[in-house]
Amino acid sequence: QVQLVESGGGLVQAGGSLRLACAASGSIFSINAMGWYRQAPGKQRELVATITSGGSTNYADSVKGRFTISRDNAKKTVYLQMNSLKPEDTAVYYCNVGGFLLPELTYRDSWGQGTQVTVSS
């Protein structure tokens, strides 16, 4: 099993910054891709950013130049630095981790519980 604990959400004014963190724990052999997704009220969950084990990143067009995803492999943690936040960034943000679990090296795609980010205008 994989446990994901997210932190860092909250309320911020437009133009402000927040940093999200998601720490993975459990019977993890290795972690491949890590990422952040978000879901606004009445909308489908959408990709925000992903990062591979080698450090390659991918961003949604709507956040390019404002958000930065990073990871600390030793801490099994993925971060999302969000700058120049806009009201349309308001959503529940979920982390996603894909990796191989002990003891049978089963691949599992896991989701965090979500953290609310609210940007006021």
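Which residues make a nonpolar surface patch of about 300 Å²? Phe29, Leu102 and Leu105 make this patch. Patch members have over 30% relative accessible area and no salt bridge, and nonpolar side chains are joined within 5 Å. A salt bridge is a side-chain nitrogen of Lys or Arg within 4 Å of a carboxyl oxygen of Asp or Glu. Areas come from the Shrake-Rupley method with a 1.4 Å probe.

The model is predicted: local features need pLDDT of at least 70, side-chain atom pairs count only at pLDDT 80 or more, and totals for chains, interfaces and linings use all residues. Residues are numbered from 1 along each chain as its sequence is written, and side-chain values use heavy atoms, without hydrogens and water.

Two residues are partly exposed, that is, between buried (under 20% relative accessible area) and exposed (over 50%). Strands are DSSP runs (E, at least two residues), numbered from the N terminus.

| Residue | Place | Relative accessible area |
|---|---|---|
| Leu105 | loop between β9 (91–101) and β10 (106–111) | 42% |
| Gly26 | strand β3 | 47% |

Gly26 touches Gln1 and Gln3, leaving aside residues up to four places away in sequence; contact means heavy atoms within 4.5 Å. The C-alpha atoms of Gly26 and Leu4 are separated by 8.9 Å.

The largest nonpolar core (buried Ala, Val, Leu, Ile, Met, Phe, Trp, Tyr and Cys joined through side-chain atoms within 4.5 Å) has 31 residues, of which Trp36, Leu80, Met82 and Tyr93 touch the most other members. Strand β9 gives the most to this core, with five residues. Outside the four nearest sequence places, the contacts of Met82 include Leu18, Leu20, Phe67, Tyr93 and Val117.

Methods:
Patches are made of residues with over 30% relative accessible area and no salt bridge: like charges are joined within 9 Å, nonpolar side chains (Val, Leu, Ile, Met, Phe, Trp, Tyr) within 5 Å. Helices (H or I, at least four residues) and strands (E, at least two) are DSSP runs, numbered from the N terminus. Buried means under 20% relative accessible area, exposed over 50%, partly exposed in between (1.4 Å probe, protein chains only).
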